[in-house]
Amino acid sequence: MSELDRIRWQCRRGMLELDLVLSRFVEQELDGLTPGQLQLFKELLNEQDPMLLAWVMEQEEVPGRYDFLIRRLRQV
Amino acid sequence: MAITTRKFDAVVVGAGGSGLRAALQLAEANLQVAVLSKVFPTRSHTVAAQGGVSASLGNEEPDNWHWHMYDTVKGSDYLGDQDAIEFMCRKASEAVIELEHYGMPFDRLDNGKIYQRPFGGHTSNYGERAVKRACAAADRTGHAMLHTLYQRNVRANTQFFVEWMALDLIRNQAGDVLGVVAMEMETGEVMLLQSKATLLATGGAGRIYAASTNAFINTGDGLGMAARAGIPLEDMEFWQFHPTGVAGAGVLITEGVRGEGGFLLNKNGERFMERYAPTVKDLASRDVVSRAMATEIKEGRGAGKDADYILLKLDHLGADVIDKRLPGIREIAIKFANVDPAKDPIPVVPTCHYQMGGIPTNMHGQVLAGHNGGATVKGLYAAGECACVSVHGANRLGTNSLLDLLVFGKASGEQVVKDLASEALSHQDLPKDAADRPLARLARLDSAKSGEDVFEVGAEMRRTMQLHCGVFRFPDSLAEGVRKMDEVSQRAGQLFFKDKSKVFNTARVEALELENLVEVAMSTMVSAHARQESRGAHDRSDFPNRDDAQWMKHTFWYKDGNRLEYRPVQLKPLTVESFEPKARVY
């Protein structure tokens, strides 16, 4: 459990938009991720806030490996 | 229970712009510095600052710090202290150039100098015409600033405690601050961080409002710690609001939407701005629009089931115009308001953005012990949005927030270095009960088998603040707000959560954060209720005018007894003539 708790906390960001998107995602999707997806999500959380926001808001091209996660983030 | 104690020369709480700038000053003086942060430093809320940082570099056209100072004093509605404002504006160019030398990627002119753009309220020759004074790194100025300062700190061997939360200040009988009690989130372990100097840089507390642009981390932890330690909070009635944040979310909808022809409707579908500003209507200034929106809601003409928001209509512009002229707005509205503005109006409310008040300091970042005289708390410093110097007074000038954290982050760091060198500060023995208070708080939370739900009490606080102490304030409503905040405060003493685990327990952290927010909310409500005038961001229906004779003074709120005291505004600058109060018209 503690690993998921750490991930939940790391969804606290410097930008409100990301707090909102990530907290919804965590509520709805986190438990359903495969181990591989979870690993990618952890890597995604290490990306910079403005970059993460630009991907979610469809302003910048998303690196292929994050395609699935960003699509899910856009939908929540 | 034995608690681990670690010793440092200085402890900085918060790793946003001001914390990092202060820490850099300390680390480069070869002091042992610990910086605590709830989140990774570059995820501090400074990252959300887009507009830029002001400095009268004069790279594009003539400018000087006197004009910047005038704009700041006027913007503050004459509540800012003119000595601190002079200090900040004089230091601005140096602060920006220093950052440039650290590698900050400012936008540049063809000649290689830093590019500057115009910004609301920035003028040349004392209000004569707009001037280009804002320096930016695209629309990511705050982000670039954090990165630059973080890298520099790493190089200077600043020690970071990431995902740590400070709980309380350690103060001895004499009133000196000797460090902080802090908790490591990963383990839940509580530790004493003993220091010769403690610097609070915890940012603003905009999360006291239901409608807020602030990130979730902005919970006023430094203000809560200061209040519990008997230190007053200054000018807490002054909060900057933006007229159009998405209702229920807080995400800003740019004013450009109204510029392109969007307008506001009440629940009857009436374009009400025609009544408040017949000529310019929806393009009236921020405060006029916010006040009109608040009045419509207060009088029962808000939309939605709780009649608590206003509708921003732009579907008549057509999808093509919206996409072309207002890029990103559709995505924001769809994601955060759940409406497609090409079809339906966006629910919006005036939304809290910035905290002008805070922990009272002088211009060297030393925290004032009280409202009388200049006595300071030995060992305690504060800088940035959590502090009140006061350079923003009743209303902050755009781009002065990033400048504030650079100038006063550095100044407070310099003061600490000086105080340590003169041996005015040293490690003192910690009182035996140093950790008792925070440990008792934690023990109560951890052992509670029932009590008040953290989310519900937080929601009640945010609703109360929004409804009773929002952008436009009504006397009956403020009085009711004080009563309600009393209740909220009582309930906040009984918080309860089910999950008692120690490891990254977000519920536990949120309970601790809420205790801090409630101190901030209480100070705001009580201070606003008492101030019988309208000045800057404090706008009262029953006292529509500024009253310099009675109220040109700073509010000091003390947690003990929920008491208010006042301190005169410093009208005398350091070297120039004072700017005498005038009506604030643009």
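How many bridges join strand 21 of chain B to strand 22 of chain B? Keep that one in mind as you go through these notes; the answer comes in the first point. One reminder before starting: this is a predicted model.

1. **The hairpin of strands 21 and 22.** Six bridges join the two, and the strands, residues 553-558 and residues 563-568 of chain B, run antiparallel. If you would like a pair to centre your view on, B:His554 stands opposite B:Arg567 in strand 22 of chain B. Four residues lie between the strands of this hairpin, where B:Gly561 takes a positive phi near 80 degrees.

2. **A further partner for strand 21.** Strand 21 of chain B also pairs with strand 10 of chain B, residues 233-234, in the antiparallel sense and over two bridges. Here B:Glu234 has B:Phe556 of strand 21 of chain B as its bridge partner.

3. **The three-stranded sheet.** Elsewhere in chain B you will find an open sheet of three strands in the order 3-5-4, with antiparallel pairing. Strand 3 (53-54) and strand 4 (116-124) of chain B each have a single partner strand and stand at the edges, so one side of each is left without a neighbour in the sheet. Strand 4 of chain B pairs with strand 5 of chain B, residues 129-135, over five bridges. In that pairing, B:Gln116 stands opposite B:Cys135.

4. **What lies on that sheet, and the loop beside it.** Helix 2 of chain B, residues 65-75, lies across strand 3, strand 4 and strand 5 of chain B, and runs at about 60 degrees to strand 4 of chain B. The loop between strand 4 and strand 5 of chain B holds B:Asn125. This residue is worth a look in your Ramachandran plot: B:Asn125 is not a glycine, yet has a positive phi of about 55 degrees. B:Asn125 counts as partly exposed, because 13 C-beta neighbours lie inside 10 Å.

5. **Another positive phi.** B:Tyr78 is not a glycine either, and has a positive phi of about 65 degrees. B:Tyr78 sits in the loop between helix 2 and helix 3 (82-101) of chain B. Is B:Tyr78 buried or exposed? B:Tyr78 counts as buried, because 22 C-beta neighbours lie inside 10 Å.

6. **A cis peptide.** Please check the bond between B:Val389 and B:Ser390, which is a cis peptide bond with omega of about 5 degrees. B:Ser390 belongs to the loop between strand 18 (387-388) and helix 11 (400-421) of chain B.

7. **The nonpolar core.** In soluble globular proteins, nonpolar side chains tend to be buried together. The largest nonpolar core here has 194 residues, and B:Ala182, B:Leu199 and B:Ile359 have the most contacts inside it. Helix 15 of chain B, residues 506-530, supplies the largest share of this core, with twelve residues. Leaving out residues up to four places away in sequence, B:Leu199 touches nine residues, among them B:Ala10, B:Val13, B:Tyr381 and B:Val416.

8. **B:Val13, from the other side of that contact.** B:Val13 lies in strand 1 of chain B, residues 5-13. B:Val13 is buried, because 28 other C-beta atoms lie within 10 Å. Apart from neighbours within four places in sequence, the contacts of B:Val13 include B:Leu36, B:Ala166, B:Leu199 and B:Gly222. For a sense of scale, B:Val13 and B:Asp235 are 222 residues apart in sequence and 22 Å apart in space, C-alpha to C-alpha.

9. **Chain A on its own.** Chain A has five helices and zero strands. Its radius of gyration is 11 Å, close to the 11 Å that the globule rule gives for 76 residues, so chain A is as compact as a globular protein of that length. Its C-alpha atoms fill a box of roughly 35 × 25 × 20 Å along the principal axes. Of the 76 residues, 26% count as buried. Among contacts in chain A between residues at least 6 apart in sequence, 62% join residues at least 24 apart.

10. **Where the chains meet.** The contact takes 18 residues from chain A and 27 residues from chain B. On the side of chain A that touches chain B, two or more residues come from each of helix 1 (2-10), helix 2 (16-29) and helix 4 (49-56) of chain A. Helix 1 of chain A gives the most, with five residues. By type, the residues on this side of chain A divide into six nonpolar, three polar and nine charged.

Methods:
Residues are numbered from 1 along each chain as its sequence is written. Chains are lettered from A and ligands numbered from 1 in the order in which they are written. This is a predicted model: local features need pLDDT of at least 70, side-chain atom pairs count only at pLDDT 80 or more; totals for chains, interfaces and linings use all residues. A residue is buried if 20 or more other C-beta atoms lie within 10 Å of its own, exposed if 12 or fewer, and partly exposed in between; C-beta atoms are placed from the backbone. Two residues are in contact if their C-beta atoms, placed from the backbone, lie within 7 Å. Two strands pair if DSSP finds at least two bridges between them. The radius of gyration is taken over C-alpha atoms; the globule rule is 2.2 Å times the number of residues to the power 0.38. Axes are lines fitted to C-alpha atoms, for helices over the stretch in contact, and angles run from 0 to 180 degrees between N-to-C directions. Ala, Val, Leu, Ile, Met, Phe, Trp, Tyr, Cys and Pro count as nonpolar, Asp, Glu, Lys and Arg as charged, and the others, Gly among them, as polar. A nonpolar core is a set of buried Ala, Val, Leu, Ile, Met, Phe, Trp, Tyr and Cys residues joined through C-beta atoms within 7 Å.
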